[in-house]
Amino acid sequence: MKKISLIIPLYNEQESILTTLSALEAELGVLPYDFQLVLVNDGSRDATLALISGYRPRAFDVKIIDLSRNFGKEAALSAGIDEADGDAAIPFDADLQDPTALIPKLLAKWEEGYEVVLAKRIDRSTDTPLKRLTARWFYSSINHLSDVPIPENVGDFRLMDRKVMEALGQLRENRRFM
């Protein structure tokens, strides 16, 4: 059975992490994959580490990475990718900002042969006007400066095949932007 690693960076997530883990178990426990949770504690100052250390899921293997201090989400994602054992990996936000119901769709595209499957946000109506404006500005600016276009409204929620994870592991930038 293929193994899928869910990489979840955590920074002061005591309020949401157990709800998120329960939602993932409910959604993914019926799928024909072995799932691994790679929980990366990014220097949390609350009870996040204690909560994940006590978590005993029925449907998942769990790997906990405890960073010595807060290095930021990109570094936490990189640490998770480096430690993930799966045939593919899916970075996932700890606050359920990423819909669990899309994970089977990402997996279906991967099974079709895609090595990277992006999830694109189609509705930003719940964002504040300032957030929408800064997002539009960011994508416009980065695409103006870059030779490689960055798809608009695509965040970290995606699927990456093992080949992609290994390629990322060879790139040792210390200021990575996924």
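Helices and strands here are DSSP runs, numbered from the N terminus. With that in hand, let's start. This is a predicted model.

First stop, aspartate 42. It sits in the loop between β2, residues 34-41, and α2, residues 48-53. Is aspartate 42 buried or exposed? Aspartate 42 is buried, and it has no salt bridge. The nearest side chain of opposite charge belongs to arginine 69, 7.1 Å away. A salt bridge needs a side-chain nitrogen within 4 Å of a carboxyl oxygen, so that pair does not count.

What does lie by the polar side chain of aspartate 42? The backbone nitrogen of phenylalanine 71 is 2.7 Å from one of its polar atoms. Now the wider surroundings. Set aside neighbours within four places in sequence, and aspartate 42 is in contact with Leu10, Tyr11, Leu67, Arg69, Asn70, Phe71, Gly72, Lys73 and Ala76.

Ala76 takes us to the cores. It belongs to a core of 15 residues, along with others including Val38, Leu77 and Leu168. That core is separate from the largest one.

The largest nonpolar core has 28 residues. Which residues have the most contacts inside it? They are Ile8, Leu24, Phe35, Leu37, Ile103 and Leu107. Several elements give two or more residues to this core. The helices are α1, 17-28, and α4, 103-111. The strands are β1, 3-10; β2; β4, 88-91; β5, 116-120; and β6, 154-161. In soluble globular proteins, nonpolar side chains tend to be buried together.

Take Leu107 from that list. Beyond its neighbours within four places in sequence, leucine 107 is in contact with Ile4, Leu31, Tyr33, Phe35 and Leu159.

Stay on α4. Its buried residues are Ile103, Leu106, Leu107 and Trp110. Why are they on the same side of α4? Because they cover an arc of only 100° around the axis. An α-helix has 3.6 residues a turn, so residues three or four places apart point the same way. After α4 comes glycine 113, with a positive phi near 120°.

Next, salt bridges. How many does the structure hold? There are 5. I'll take three.

One joins lysine 2 and glutamate 111, at 2.7 Å, N to O. Lysine 2 lies in the segment before β1 and glutamate 111 in α4, so the pair ties together parts that are 109 residues apart in sequence. Both ends are partly exposed: lysine 2 at 38% relative accessibility, glutamate 111 at 39%.

Another joins lysine 63 and aspartate 85, with the closest N and O atoms 3.3 Å apart. Lysine 63 is in strand β3, residues 60-66, and aspartate 85 is in the loop between α3, 73-83, and β4. The two are 22 residues apart. Lysine 63 is partly exposed at 24%, and aspartate 85 is partly exposed at 42%.

The third pairs lysine 109 with glutamate 112, at 3.6 Å, N to O. Here lysine 109 is partly exposed at 36%, while glutamate 112 counts as exposed at 52%.

Last item, backbone angles. Asparagine 12 is not a glycine, yet its phi is positive, about 50°. It sits in the loop between β1 and α1, and it is partly exposed at 32% relative accessible area. Leucine 96 also has a positive phi, near 60°. It is in the loop between β4 and α4, partly exposed at 30%.

Terms used. Residues are numbered from 1 along each chain as its sequence is written. This is a predicted model: local features need pLDDT of at least 70, side-chain atom pairs count only at pLDDT 80 or more; totals for chains, interfaces and linings use all residues. Side-chain values use heavy atoms; hydrogens and water are left out. Helices (H or I, at least four residues) and strands (E, at least two) are DSSP runs, numbered from the N terminus. Buried means under 20% relative accessible area, exposed over 50%, partly exposed in between (1.4 Å probe, protein chains only). Lys and Arg count as positive and Asp and Glu as negative; His and the chain ends are not counted. A polar contact is a pair of N or O atoms within 3.5 Å; within protein, one must be able to donate a hydrogen and the other to accept it, and residues adjacent in sequence count only if both atoms are side-chain atoms. Contact means heavy atoms within 4.5 Å. A nonpolar core is a set of buried Ala, Val, Leu, Ile, Met, Phe, Trp, Tyr and Cys residues joined through side-chain atoms within 4.5 Å. The arc is that of the directions from the helix axis to the C-beta atoms.
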